[in-house]
Amino acid sequence: MSTEPRLAEVAEPEPAEQAAPGTDQAVKETLEDYTLRFAPRSYRRWTPMVVATTALGGIAYMADFSIGAGIGLAHGTGNALLAIAVAAVVIFVTGFPLAYYGARYNIDLDLITRGSGFGYFGSVLTSVIFASFTFIFFALEGSIMAQGLKLGLGLPLWLGYLVSTLMVIPLVIYGMTALSKLQVWTTPIWLLLMVGPLVYLVATDPGTVDRFLAYAGTDGDGGINTASVLLGAGVCLSLIAQIGEQIDYLRFMPPKTEANKRSWWAAVVMAGPGWVMLGALKQAIGVFLAVYIIAEVGASAAPEPIQQFKGAFDAMMPSWLVVPLAVVLVVISQIKINVTNAYSGSLAWTNSFTRVTRRYPGRMVFVLVNLGFALALMEADMFSFLNGILGFYSNCAIAWVVTVATDIGINKYVLKLSPHAPEFRRGMLYAVNPVGVVSFVAASGLSIALYFHALGDTLQPYSPVAAALIAFVLTPLMAVVTKGRYYLRRTDDGIAEPLLDEDGNPSAVTYECHVCRQQFERPDVAACRTHDAVVCSLCLSTDKVGDHVLPAGV
């Protein structure tokens with residue numbers, strides 16, 4: 001594995017010499033790792049397993065332990081485990097088509113969303129949803145890190161929140177290469193520290209299993225209750241947007257060929273929707289450790305991962321080693337995921353801003369914006385009302401992901417009303433496609449109304465089910481009603497070379513953009529409206545007067 005290049009180690013091309021005003025900085029930054037655009041074959045030099053390993057290294061966060069503990073404490077072990085399982089199935093099923101499209105066509109989730117029912121500007125809605133996901137979970141992970149710093153170093157929580165935020169800034173600027181290496185070599189250690197205490201406690205004290213299985217929770221009598229399961233599943237489903245961060249890696253998959261198809265599919269499934277298997281395991285462990293902590297320490301500390309692992313390590317190693325090891329585990333985990341959260345969030349904000357204003361202000365501006373939102377949530381003590389935030393947010397995330405997954409699975413492959421190959425370039429798409437936008441707004445709006453008891457207490461637990469069902473039904477219905485005519489503004493991009501090669505992979509034929517003078521592969525360019533030349537997708541995005549954008553037509 002050491003002979004393979006890391007995702008951030010490829011040399012950056014020289015900036016354009018004749019780029020249009022406002023475009024040169026965008027070109028320089030986006031060519032570093034092909035943010036906001038198609039990832040070309042010339043850049044994707046990693047094996048499927050290297051991409052999968054790197055992608056899975058980014059989900060070593062501790063939030064799952066808190067989420068599992070919160071559900072278990074409220075609803076009991078039986079309901080919590082069922083809720084975790086229900087959410088995992090939904091996340092896997094909806095994540096599969098998205099992961100496939102990201103890996104097959106080498107684009108991120110925003111670019112997939114544009115051509116899967118939302119339109120060029122319509123997907124700005126979902127970019128904001130994804131950006132919200134990153135700063136909510138940054139705040140959650142930062143809160144957990146602050147709890148570790150308080151236990152290990154005595155820092156007050158408010159200062160720990162500030163430290164956990166500020167320390168990420170230099171890592172986001174300079175540390176992506178180091179981070180990718182860190183994720184790979186720390187994953188075995190992290191897994192050992194996570195699973196080791198569980199195995200030790202079960203082996204040395206079988207009574208912990210009985211207490212775990214019998215725990216009734218604070219809101220019930222221990223019996224299985226549909227409302228409790230659905231409320232718990234709603235919290236777990238807030239993680240459905242994690243597939244966006246997985247696709248940020250999967251878009252660097254090599255072309256799928258007859259020779260590599262087995263390893264290619266294994267990597268896509270494992271690092272795409274398969275991430276939820278590890279996530280569900282961590283949530284279940286969170287329930288187990290919370291029940292153990294209640295018996296040993298008390299309920300107040302049970303939802304905090306630092307206290308969970310401190311209690312578990314207490315039972316298996318010398319006291320002088322317990323706190324340092326627990327703090328190291330928590331801090332490393334938070335750094336790993338929060339650099340990714342800050343990075344992915346900045347891309348989502350930048351993507352939206354660039355499309356709406358046709359200006360590229362620089363990604364670091366939105367790193368600071370995202371961190372500002374996260375710090376505000378931390379200082380407002382979001383950890384104390386975690387389940388409420390995640391339960392509300394999950395309605396929007398479910399509506400978005402299910403809408404896009406349904407458009408791919410049903411509208412593209414069954415109804416054939418949505419174009420099979422994804423489109424993301426300005427000029428090729430309508431500004432807004434009612435198929436996705438109407439489905440998403442209706443599903444998220446009605447499910448949020450249910451969540452806030454607008455239709456009564458009885459239906460409130462069913463808000464995540466409503467979000468999924470409404471999105472699943474409305475998406476194909478809207479495609480049929482509109483006859484699919486709002487997907488493509490035009491079908492011909494003015495270039496004779498096919499978008500896909502004979503194997504169905506994006507073509508590797510290169511063209512020079514006449515605006516920024518950089519070389520781009522076929523899927524990332526279109527003919528220019530006013531010149532006998534081609535323009536890259538980013539220069540089209542930043543074209544303020546529309547000189548280069550093809551008119552509506554065939």
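The following conversation concerns the cavities and one helix pair of a predicted model.

User: How many cavities of 30 Å³ or more does the count come to?
Analyst: The count comes to five cavities of that size in this predicted model.

User: What space lies in the largest cavity?
Analyst: The largest cavity holds about 160 Å³ of space. It is lined by 14 residues, and those closest to its centre are Asp108, Leu109, Asp110, Phe130 and Ala348.

User: Which helix gives the most to that lining?
Analyst: Helix H16 gives the most, with four residues. At least two residues each come from H5 (109-118), H6 (124-153), H12 (242-250) and H16 (319-357).

User: How do the lining residues of the largest cavity divide?
Analyst: Five are nonpolar, six are polar and three are charged.

User: And what volume has the second largest cavity?
Analyst: Its volume is about 130 Å³. Its lining has ten nonpolar residues, two charged residues and no polar ones. Among the lining residues are Phe38, Tyr105, Glu423 and Arg425.

User: Changing topic, at what angle do the axes of H2 and H12 cross?
Analyst: The axes of H2 (residues 48-57) and H12 cross at roughly 150 degrees and come within 9 Å.

User: Why are H2 and H12 described as roughly parallel or antiparallel?
Analyst: Angles over 145 degrees count as roughly antiparallel, and the two helices cross at roughly 150 degrees. H2 and H12 are therefore roughly antiparallel to each other.

User: Is that crossing left-handed or right-handed?
Analyst: The crossing of H2 and H12 is right-handed.

User: Which residues meet there?
Analyst: Val51, Thr54, Ala55 and Leu56 in H2 meet Gln246, Tyr249 and Leu250 in H12. The residues of this contact comprise five nonpolar, two polar and no charged.

Note on methods:
Residues are numbered from 1 along each chain as its sequence is written. This is a predicted model: local features need pLDDT of at least 70, side-chain atom pairs count only at pLDDT 80 or more; totals for chains, interfaces and linings use all residues. Side-chain values use heavy atoms; hydrogens and water are left out. On a 1 Å grid over the protein atoms alone, a cavity is a set of points where a 1.4 Å probe fits but cannot get out, and a pocket is an open set with protein on both sides within 12 Å along at least five of seven lines; lining residues have an atom within 4 Å of a point. Grid points are joined across faces, edges and corners, and a volume is the space filled by probe spheres set on the points. Ala, Val, Leu, Ile, Met, Phe, Trp, Tyr, Cys and Pro count as nonpolar, Asp, Glu, Lys and Arg as charged, and the others, Gly among them, as polar. Axes are lines fitted to C-alpha atoms, for helices over the stretch in contact, and angles run from 0 to 180 degrees between N-to-C directions. Angles under 35 degrees count as roughly parallel, over 145 as roughly antiparallel, 65 to 115 as roughly perpendicular and the rest as oblique. A crossing is left-handed if the near helix is turned anticlockwise from the far one by less than a right angle, and right-handed if clockwise. Contact means heavy atoms within 4.5 Å.
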